[in-house]
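Student: Let us go through this entry term by term. I will ask what earns each label.

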Amino acid sequence: MSNYQPVIGLEIHSELKTQSKMFCDCLNQSGIKGPNVNICPICLGHPGTLPAINRTAVELVVKAGLALNCAIAKSAKFDRKNYFYPDLPKGYQISQYNLPLALGGWLDINGKKIRLTRIHLEEDAGKLIHPKGTSPKNARHSLVDFNRAGVPLMELVTEPDISSGEEAGKFCEELQLILRYLEISEANMEKGQMRCEVNISLRPAEEKKKLGTKVEIKNLNSFRAVRRAIEYEIKRQSDLLESVHKVVHETRGWDEDKQKTFSQRSKEQAQDYRYFPEPDLPPLGNLVEMSGELAKEIPELPLAKRERFVEEYKLPVNDIATLTANKGLADYFEQVVSELDTWLKIKSIKDKDKLVKLTANYLLTELQKLMLSRKTGINKCQISPENFAEFITMIERKEISSSAAQAVLKEMFDTGADPSHVVEEKQLTQVSGRDELSKIVKRVVGENQKSVNDYKAGKGNALQYLVGQTMKASQGKANPEVVREILMEMLR
Ligand SMILES: [Zn+2]
């Protein structure tokens with residue numbers, strides 16, 4: 001093990017899901033086609049225009065603060081952060097300096113509390129577009145798109161409590177999930193709706209207090225990039241400390257193709273943003289009252305949901321993680337489970353736990369496959385929880401075979417029809433009658449003499465093949481267990 005201990009902090013920006021921008025009425029539309037569609041004199045920073053605060057954006061950040069165990073400020077204000085860049089039309093960004101909306105807080109990652117420093121609200125900048133086909137050497141122009149300028153942005157800063165790439169990746173994933181549960185942000189990293197910057201230094205393992213030289217890593221566009229860039233940087237910095245005993249204080253980028261960080265600019269001179277209070281906006285008051293109201297709207301959060309699911313449904317941990325990774329899916333699962341009670345009574349089935357497992361399996365495999373192939377989500381699923389519950393009991397009661405179940409589910413998915421109708425209409429009822437099945441088995445045995453001989457010679461696989469052929473001959477309707485029994489008797 002290395003002699004150095006990584007000390008890692010994160011700065012995470014998330015685009016807020018509001019109707020309009022932070023300080024004007026322009027629409028806030030992520031991924032809009034065409035440049036400079038949602039713009040106006042305010043977000044273009046024309047002289048003489050006045051910004052007005054988007055109250056929803058303030059509420060969303062307060063919500064995030066509450067969900068992340070922060071202290072909500074009694075009052076907060078906006079400040080101007082002055083710097084020049086072509087994507088920043090005003091020449092300053094409206095942000096929050098010394099009075100942010102939320103302070104402190106923590107997020108539990110695998111039982112470890114990662115502390116937060118603060119969460120504040122600011123506006124996003126525009127986007128520079130460097131036309132393709134021109135090398136940096138002979139590119140003569142760049143384009144600027146202000147659709148994103150003035151979009152509300154939440155910035156979360158952590159304490160340097162993180163100690164590995166894996167932990168940082170988990171932190172980002174859990175934060176994304178919380179923001180989605182709260183409907184604060186889509187927080188899709190690939191789409192730039194959530195952006196992560198990493199501060200990382202190494203310190204000698206024996207010196208708990210001394211900090212090493214900090215390096216900042218930017219443009220990490222996926223959870224994987226966060227993990228890989230940190231692992232790479234830990235190795236790079238420890239090699240430097242071993243050889244030349246020095247790390248340069250700088251900002252580095254992440255090269256996805258080479259899977260390496262590279263130097264972008266030195267940080268020898270700290271930039272002075274000349275922060276000062278935004279004179280055109282009033283301070284934010286009444287935050288205590290606001291947070292009291294918003295606290296009532298915080299739903300059950302992912303960690304609590306996972307723990308409750310373990311307790312209540314006794315499903316494998318991985319299944320629970322997948323179910324709860326999508327709040328809509330988790331809600332749907334629970335609706336189906338509650339509908340199961342009715343059907344259990346009607347069909348006098350005793351073992352509810354087994355049906356709950358079966359429900360989770362079908363949601364996570366067959367239904368997911370259908371949603372993926374139709375490019376749709378659980379919120380658009382036409383199957384009512386009641387019908388899904390009935391469908392599950394039909395499988396349990398062997399009224400339909402597992403291959404017929406796939407066909408039934410597909411039909412339900414496409415039409416919203418109830419399963420008993422589908423089964424009736426498509427004549428998919430499972431055939432378990434021995435007389436009827438024996439006839440089919442006899443025919444299959446007659447047509448597959450080689451497999452019969454193989455089986456008699458001790459090849460177990462041959463039996464499975466014959467079961468498969470019988471299923472096919474029955475158009476998927478035969479009960480495979482009964483088929484297997486008949487075959488074994490017949491070939492004894
Ligand atoms: Zn505007």
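**Burial, shape and pairing**

Tutor: Buried residues make up 36% of the 492 residues in the protein chain. Buried means 20 or more other C-beta atoms within 10 Å of a residue's own; exposed means 12 or fewer, partly exposed lies in between, and C-beta atoms are placed from the backbone. The model is predicted: local features need pLDDT of at least 70, side-chain atom pairs need 80 or more, and totals for chains, interfaces and linings use all residues. Numbering starts from 1 along each chain as its sequence is written.

Student: What makes valine 310 partly exposed?

Tutor: Valine 310 has 13 other C-beta atoms within 10 Å. Exposed stops at 12 and buried starts at 20, so a count between them is partly exposed. Valine 310 sits in helix H5 (residues 302–313). Isoleucine 320 is ten residues from valine 310 in sequence, and their C-alpha atoms are 7.3 Å apart.

Student: How do you know that the chain is more spread out than a compact globule?

Tutor: The protein chain has 15 helices and 15 strands. These are DSSP runs, numbered from the N terminus: H or I of at least four residues for helices, E of at least two for strands. The radius of gyration is 30 Å, well over the 23 Å from the globule rule for 492 residues, so the chain is more spread out than a compact globule. The radius is taken over C-alpha atoms; the rule is 2.2 Å times the number of residues to the power 0.38. Along its principal axes the C-alpha trace spans about 90 × 55 × 50 Å.

Student: Why is a set of residues called a nonpolar core?

Tutor: Its members are buried Ala, Val, Leu, Ile, Met, Phe, Trp, Tyr and Cys residues, joined through C-beta atoms within 7 Å. The largest core has 68 residues; Val61, Ala64, Val198 and Val226 touch the most other members. Helix H1 (residues 55–67) supplies its largest share, seven residues. Apart from this core lies another, of 33 residues, including Leu323 and Val408. In soluble globular proteins, nonpolar side chains tend to be buried together.

Student: Which residues is valine 198 in contact with, beyond its neighbours within four places in sequence?

Tutor: They are Ile8, Leu10, Ala168, Ile217, Leu220, Val226, Ala229 and Ile230. Contact means C-beta atoms, placed from the backbone, within 7 Å.

Student: What makes S6 and S7 a pair?

Tutor: Pairing needs at least two bridges found by DSSP. S6 (residues 106–109) and S7 (residues 112–123) have four, in the antiparallel sense, so they pass that cut-off. Tryptophan 106 is bridged to arginine 115 in S7. The two strands form a hairpin with two residues between them, and asparagine 110 in the turn has a positive phi of about 50°. Leu107 and Ile109 point to one face of S6 and are buried, while Trp106 and Asp108 point to the other and are not.

Student: What makes S4 and S15 edge strands?

Tutor: Each pairs on one side only. The open sheet runs S4-S3-S15, with antiparallel pairing. Two bridges join S3 (residues 79–82) to S15, so this pair meets the minimum. Arginine 80 stands opposite phenylalanine 276.

Student: Where do the domain bounds fall?

Tutor: Domain 1 is 4–295, domain 2 is 302–425 and domain 3 is 434–490. Such bounds come from an automatic or database domain assignment. The C-alpha centres of domains 1 and 2 are 39 Å apart. Their contact takes six residues from domain 1 and four residues from domain 2.

Key: Two residues are in contact if their C-beta atoms, placed from the backbone, lie within 7 Å.
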